[in-house]
Amino acid sequence: MNLPSSFSFKECLWFLNRNFDDCMHTVGEDYVRKAILIENQPVLFEIRENNHKLIIEVLKGENSPVIENFIHDWFDINRDIKPFYQLLSAHKELAYMSKDFEGLRLIGIPDLFEAICWCIIGQQINLTFAYKTKRRLVERYGTKIVHEGKDYFAFPSPEVLADANPEELKAMQFSAQKIAYLRGIANVFKEGKMSKEILLDLPDVAARQKALTAIKGIGIWTANYTLMKTLRIPTSIPYGDAGLLNGLIAHKIISDKKDVEGINTFFRHFKGWESYLVFYLWRSLSPKS
């Protein structure tokens with residue numbers, strides 16, 4: 001798979017391998033492995049880089065064009081991010097990002113159901129604990145694929161999570177509210193009332209936000225995060241996000257987390273690249289050791 005010049009596999013790998021135990025992929029020194037479901041069958045693939053090309057190897061399961069499409073979506077490969085770097089370079093406090101984070105892509109969550117569940121899992125807890133509870137959920141209800149004695153997991157399907165045992169979820173340290181939300185949202189997907197295709201057919205961002213927030217458990221933050229990470233809508237800013245606010249303060253964009261007007265004014269300078277700016281501000285909070 002050919003790559004654009006403004007793409008760094010190394011930067012993307014580093015971001016995927018931050019100090020969190022993410023069960024949805026495995027990162028090595030120069031590769032990442034991921035399991036996904038294709039027509040309800042698990043497939044495990046590995047990605048490496050050679051001469052600025054991504055080399056994809058299917059380690060277990062059937063090869064499919066879906067894999068390459070997934071990778072394009074996951075790493076946002078087709079987007080030309082040079083215009084974003086021009087905007088960054090024009091801003092005194094952010095200019096360093098285009099050099100220090102050069103080639104980093106907004107790493108998405110192509111599966112809409114997974115993205116929403118991740119938001120629910122992470123509500124009102126720190127990231128470390130959120131990743132632990134996600135691992136418990138995925139290892140219990142996800143689809144396992146074994147390669148060279150190691151287990152890899154695809155995220156649980158809506159059909160499986162809809163029937164998840166509440167007592168088991170409680171033992172995994174999910175609150176009663178989160179259990180109700182996860183099972184309820186899973187049922188909405190299971191019944192075909194929500195999907196990525198349904199959202200894409202809606203006319204605008206407001207309609208997509210409304211469709212998502214109509215589902216119990218999904219607030220505007222979750223809707224915007226999902227639209228940002230799954231549909232890659234640039235204006236879907238997860239306002240109120242702690243990491244975003246901390247990044248804005250650290251870069252002297254605002255001095256008060258309640259300065260909504262200051263935040264809106266700032267983002268107007270990055271029209272069309274708002275979500276990328278959010279992602280780079282998140283990245284700035286995790287300096288390399």
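This passage describes the nonpolar cores, one helix and one loop residue of a predicted model. Local features were taken at pLDDT of at least 70 and side-chain atom pairs at pLDDT 80 or more, whereas totals for chains, interfaces and linings use all residues. Residues are numbered from 1 along each chain as its sequence is written, and side-chain values use heavy atoms, without hydrogens and water.

The largest nonpolar core (buried Ala, Val, Leu, Ile, Met, Phe, Trp, Tyr and Cys residues joined through side-chain atoms within 4.5 Å) contains 93 residues. Here, buried denotes under 20% relative accessible area and exposed over 50%, with partly exposed in between (1.4 Å probe, protein chains only). Phe75 and Tyr280 have the most contacts inside this core. Helix H5 (residues 112-122) gives the most to it, with nine residues; helices (H or I, at least four residues) and strands (E, at least two) are DSSP runs numbered from the N terminus. Contacts of Tyr280 (heavy atoms within 4.5 Å) include Ile81, Phe84, Tyr85 and Met97, leaving aside residues up to four places away in sequence. A second, separate core has five residues, among them Ala35, Leu44, Leu59 and Tyr152.

Helix H9 (residues 176-190) has 15 residues, and its end C-alpha atoms are 21 Å apart, in agreement with the expected span of 21 Å (1.5 Å times one less than the number of residues). Its buried residues, including Tyr181, Leu182 and Phe189, pack against H5, helix H7 (158-162) and helix H8 (166-171). Just after H9, Gly192 adopts a positive phi of about 75°.

Asn40, in the loop between strands E2 (31-38) and E3 (41-50), is exposed, with a relative accessible area of 63%. Its C-alpha atom is separated by 9.1 Å from that of Thr143, 103 residues apart along the chain.
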